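Please open the model in your viewer and keep the sequence panel beside it. This tour tells you what to select at each stop and what you will find there.

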Amino acid sequence: MLYTNILKLVTALLVVLISLSVGCETSTEPPSEEKEEPYFKPGEYGGDPLEGTEHLYNLQGSPDGTKMVLTRAYTPGKPFAPRDQIWVLNNDGTNPKLIGYNFGGADWSPDGNKLAITFFPGAPYTYVFTVNLDSMKARQWTGFQNSFFSKRTASNPMWFPDNERMLISVWGKAYKQPYERGLYILNSADGSVQGPWWRLYRGDFLEMELIL
């Protein structure tokens with residue numbers, strides 16, 4: 001019996017010693033980054049653009065088909081250049097004109113003379129602007145004290161065919177916000193507001209109700 005217990009103890013010690021020696025011989029350094037495959041390869045969704053190309057998105061043609069508006073993600077080779085730049089250019093790519101930056105997309109007015117834009121200077125703040133492409137003057141519609149949309153939570157303006165009204169989305173809920181989350185109609189001719197036509201109850205589940 002004593003011999004059996006001693007044999008078990010010796011066997012256990014040998015197992016511990018072998019484990020320690022193997023552990024000492026095994027490298028604890030992290031794997032080389034060169035051997036790791038990137039999650040997205042260049043040109044794939046979410047990856048860096050292919051060499052010689054850019055990340056351009058939110059392309060939208062003008063109503064007469066002669067121009068386009070697009071968002072340029074950043075300036076290649078300039079990491080501190082403004083991001084999310086809005087550009088207007090001819091449909092053949094010529095005559096590019098910078099409208100501004102930190103914008104979350106743009107929508108052409110039906111007459112082709114204005115853009116409705118979401119200004120996104122930083123999370124979670126958003127504003128709605130329109131830009132007259134003839135005069136290059138911008139008008140702010142939301143996010144200031146004397147406006148109906150006094151908080152910085154409105155975004156995604158879209159023109160109606162009448163060239164005056166815009167559909168406005170309010171997804172956020174700021175402190176002491178006097179209006180509900182939902183979809184509204186803003187008249188750019190007189191500044192009047194109607195809505196909400198859709199009311200957003202719970203942001204986590206995006207539950208909405210149609211208001212007739």
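Begin by selecting Ala116 together with Thr130, which is the bridge partner of Ala116 in β7. Before you go on, note that this is a predicted model, in which local features need pLDDT of at least 70 and side-chain atom pairs count only at pLDDT 80 or more, while totals for chains, interfaces and linings use all residues. Residues are numbered from 1 along each chain as its sequence is written, and side-chain values use heavy atoms, with hydrogens and water left out.

**The strands around Ala116**

Now select residues 114-122, strand β6, and residues 125-132, strand β7, which run antiparallel and are joined by seven bridges. Here strands (E, at least two residues) and helices (H or I, at least four) are DSSP runs, numbered from the N terminus, and two strands pair if DSSP finds at least two bridges between them. β6 and β7 form a hairpin with two residues between them, and another bridge to look for is the one from Gly122 to its partner in β7, Tyr125. In general, the strands of a sheet pair through backbone hydrogen bonds, either parallel or antiparallel.

Add β5 to the selection: β5 and β6 pair in the antiparallel sense over four bridges, and Phe103 has Phe119 as its bridge partner in β6. The hairpin of β5 and β6 has five residues between the strands, and Gly112 takes a positive phi near 80° there.

With β8 added as well, you have an open sheet of four strands in the order β5-β6-β7-β8, with antiparallel pairing. β5 (103-108) and β8 (138-140) stand at the edges with a single partner strand each, so one side of each is left without a neighbour in the sheet. From one strand to the next the twist averages 25°, where the axes are lines fitted to C-alpha atoms and the angles run from 0 to 180 degrees between N-to-C directions.

**The nonpolar cores**

Return to Ala116 and show what surrounds this residue. Leaving aside its neighbours within four places in sequence, Ala116 is in contact (heavy atoms within 4.5 Å) with residues including Gly105, Phe129, Pro157, Trp159 and Met166.

Which residues should you select for the largest nonpolar core? There are 12 of them: Ala116, Val128, Trp141, Phe149, Ala154, Trp159, Met166, Ile168, Val170, Tyr179, Tyr184 and Leu186. Such a core is a set of buried Ala, Val, Leu, Ile, Met, Phe, Trp, Tyr and Cys residues joined through side-chain atoms within 4.5 Å, and buried means under 20% relative accessible area, computed with a 1.4 Å probe on protein chains only. Two or more residues of this core come from each of β9 (154-159), β10 (165-170) and β11 (182-187), and β10 gives the largest share, three residues. Apart from this core lies another, of 11 residues, among them Val88, Leu115, Ile117 and Val131.

**The hairpin at β1 and β2**

Move next to β1 (residues 56-61), which runs antiparallel to β2 and is joined to β2 by four bridges; in one place Tyr57 stands opposite Thr71. The two strands form a hairpin with five residues between them, and Gly65 in the turn has a positive phi of about 80°. β2 also pairs with β3 in the antiparallel sense, over six bridges, and there Lys67 stands opposite Asn90.

Is strand β2 (residues 67-72) enclosed or open? Five of its six residues are buried, so β2 is largely enclosed by the rest of the structure. Select Leu70, a residue of β2, which is buried with a relative accessible area of 7%. Not counting residues up to four places away in sequence, Leu70 touches Tyr57, Ile86 and Trp87, among others. Leu70 and Gly105 are 35 residues apart in sequence but 7.5 Å apart in space, C-alpha to C-alpha.

**The whole chain**

Finally, show the whole protein, whose secondary structure comes to one helix and 13 strands. Of its 212 residues, 30% count as buried, and residues 24 or more positions apart account for 27% of the contacts with a separation of 6 or more.

Technical notes. Buried means under 20% relative accessible area, exposed over 50%, partly exposed in between (1.4 Å probe, protein chains only).
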